Amino acid sequence: MRAVVFEGLGGPEVVKLREVPRPVPTREALLVKVHATALNRADLLQRQGEYHVPEGQSAIPGVEVAGTVEAWGEDVKGFTRGQRVFGVVEGGGFADYCLLDQGMALPIPAGFDFAEAAATSESCLTANETLFTLGQLRRGQAVLIHAAASSIGTTMVQMARHVGATTYCTVGTPRKVEAVRALGADAVFDYREQDFVQEVLRLTGGEGVPLVMDFIGGAYLERNLGVLAHEGCLVLVGLLDGMSAQVDLLRIVQRRLRLKGSSLRLRPLKEKREVNARFRRRWMEVLAMGGLRPVIHARHPLEDVNVALGEMEANRNIGKLVLTLERNDSHA
């Protein structure tokens, strides 16, 4: 089968499309014929040598897929050949075939094509887990969402609005401001032109927000603490600005603030299945009814993976970058 591999670490020159052996299903895994997969920041960091693949996971990039069931392991139950499924995988998504754990497989909702399904799983699982399981967001509350034009950010905006929460968002360009406003965000700040701390405090009468969703880390940490309301919660979802920061610990103690972190890929499979089940119970019907849709920036054929990675590296994308797979008989 065809697969994207990184031959060394670095830039676009290390990205190759090669013929590799097709994976064999383990006891509880489905073999999925991949019709679409989607990019995540971890794929770019892996190419650059800044992300190490967890032990036992595929070195082929790609952590979410959509396709059809081709075969399965001896302990798999409830699936049929040709069934349309999507889900988060433990690497290996940028290929013609990929293994998908049966506990992570979800039926593709009616009305979704393969690209939309591929763009749904990782963003929705992460958004649901961080907003509601960790952040405990409820109707009538307010949340500050950084990197709101990213795939997870656009999903968070939709989920928060669906439950009746107020959404304040940061983005980096006027084009992204308009895109996130179009999703229904209550206020969107261009962080290059506005101080989000001042703006959030102004809009909340100096009180701040009970929840902040942060993909940035680094220097944003102290500023995020400054917009948290009393007993507020900061959830770290990413670390784009670095893994260390100076923190006013007294502020945390006096205001009884909570700091939480989340990484889906680093969790044991049992916990990932639980995350998947929570998402399935809460959102699959909403997806089927059209109340939540992935935002897709662009669809590229697998052969143009470097173009897609370049768009992500330049932070041009609004929503997901999707790779679609076409085959001839030798790859099918």
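**Why these labels?**

Me: Why does Cys 233 count as buried?
Reply: Cys 233 has a relative accessibility of 0%. Buried means under 20%, so Cys 233 earns the label. Bear in mind that this is a predicted model.

Me: How do you know that Cys 233 has no bond to another cysteine sulfur?
Reply: Look at the distance. The closest cysteine sulfur belongs to Cys 169, and it sits 17 Å from the sulfur of Cys 233. A disulfide needs the two sulfurs within 2.5 Å, so this pair is too far apart for a bond.

Me: And what about Cys 169, how do you know it is unpaired?
Reply: Similar reasoning. For Cys 169 the closest cysteine sulfur is in Cys 124, 16 Å away, so a bond is ruled out by distance. Cys 169 is buried too, because its relative accessible area is 0% and the cut-off is under 20%. With the 2.5 Å rule, the disulfide count comes to zero.

Me: Cys 124 also turns up in a helix pairing. What makes α3 oblique to α4?
Reply: The axes of α3 (residues 121-134) and α4 come within 9 Å and cross at roughly 55 degrees. Roughly parallel would need an angle under 35 degrees, and roughly perpendicular starts at 65. The angle here falls between those limits, so α3 is oblique to α4. The crossing is right-handed.

Me: Which residues meet where α3 and α4 pack?
Reply: On the α3 side they include Cys 124, Thr 126, Asn 128 and Leu 131, and on the α4 side they include Ser 151, Thr 155 and Met 159.

Me: Staying in α4, why is Thr 154 called buried?
Reply: Thr 154 lies in α4 (residues 151-162), and its relative accessible area is 1%. That is under the 20% limit, so buried it is. Beyond its sequence neighbours up to four places away, Thr 154 touches Ala 148, Ala 149, Leu 183, Val 295 and Gly 319. A polar atom of its side chain also lies 3.0 Å from the backbone oxygen of Ser 151.

Me: What makes Arg 47 buried or exposed?
Reply: The value is 2%, so with buried meaning under 20%, Arg 47 counts as buried. Arg 47 sits in helix α1 (residues 41-48). Its contacts, leaving aside neighbours within four places in sequence, include Phe 6, Pro 12, Val 15, Leu 309 and Glu 313.

Me: Then why does Arg 192 count as exposed?
Reply: Arg 192 comes out at 58%. Exposed means over 50%, so the label follows. Arg 192 lies in the loop between β10 (187-190) and α6 (196-203). A polar atom of its side chain is 2.8 Å from the backbone oxygen of Gly 172. Its C-alpha is 7.7 Å from that of Thr 173, 19 residues apart along the chain.

Me: What makes Arg 256 partly exposed?
Reply: Its relative accessible area is 49%. Partly exposed covers the range between 20% and 50%, so Arg 256 falls in that class. Arg 256 is in the loop between α8 (249-255) and β13 (258-261). Its phi is near 50 degrees, a positive value in a residue other than glycine.

Me: And why is Asn 315 called partly exposed?
Reply: At 42%, Asn 315 is also between the two limits, so it counts as partly exposed. Its place is in the loop between α10 (305-313) and β15 (320-324). Phi of Asn 315 is positive, near 60 degrees, and the residue is not a glycine.

Technical notes. Residues numbered from 1 in each chain as written. Predicted model: local features only at pLDDT ≥ 70, side-chain atom pairs only at ≥ 80, totals over all residues. Heavy atoms only, no water. Helix = DSSP H or I, 4+ residues; strand = E, 2+ residues; numbered from the N terminus. Buried < 20%, exposed > 50% of the residue type's maximum accessible area, 1.4 Å probe, protein only. Contact = heavy atoms within 4.5 Å. Polar contact = N/O pair within 3.5 Å; in protein donor to acceptor, adjacent residues only side chain to side chain. Axes fitted to C-alpha atoms, helices over the stretch in contact; angles between N-to-C directions. Parallel < 35°, antiparallel > 145°, perpendicular 65-115°, else oblique. Left-handed = near helix turned anticlockwise from the far one by under 90°.
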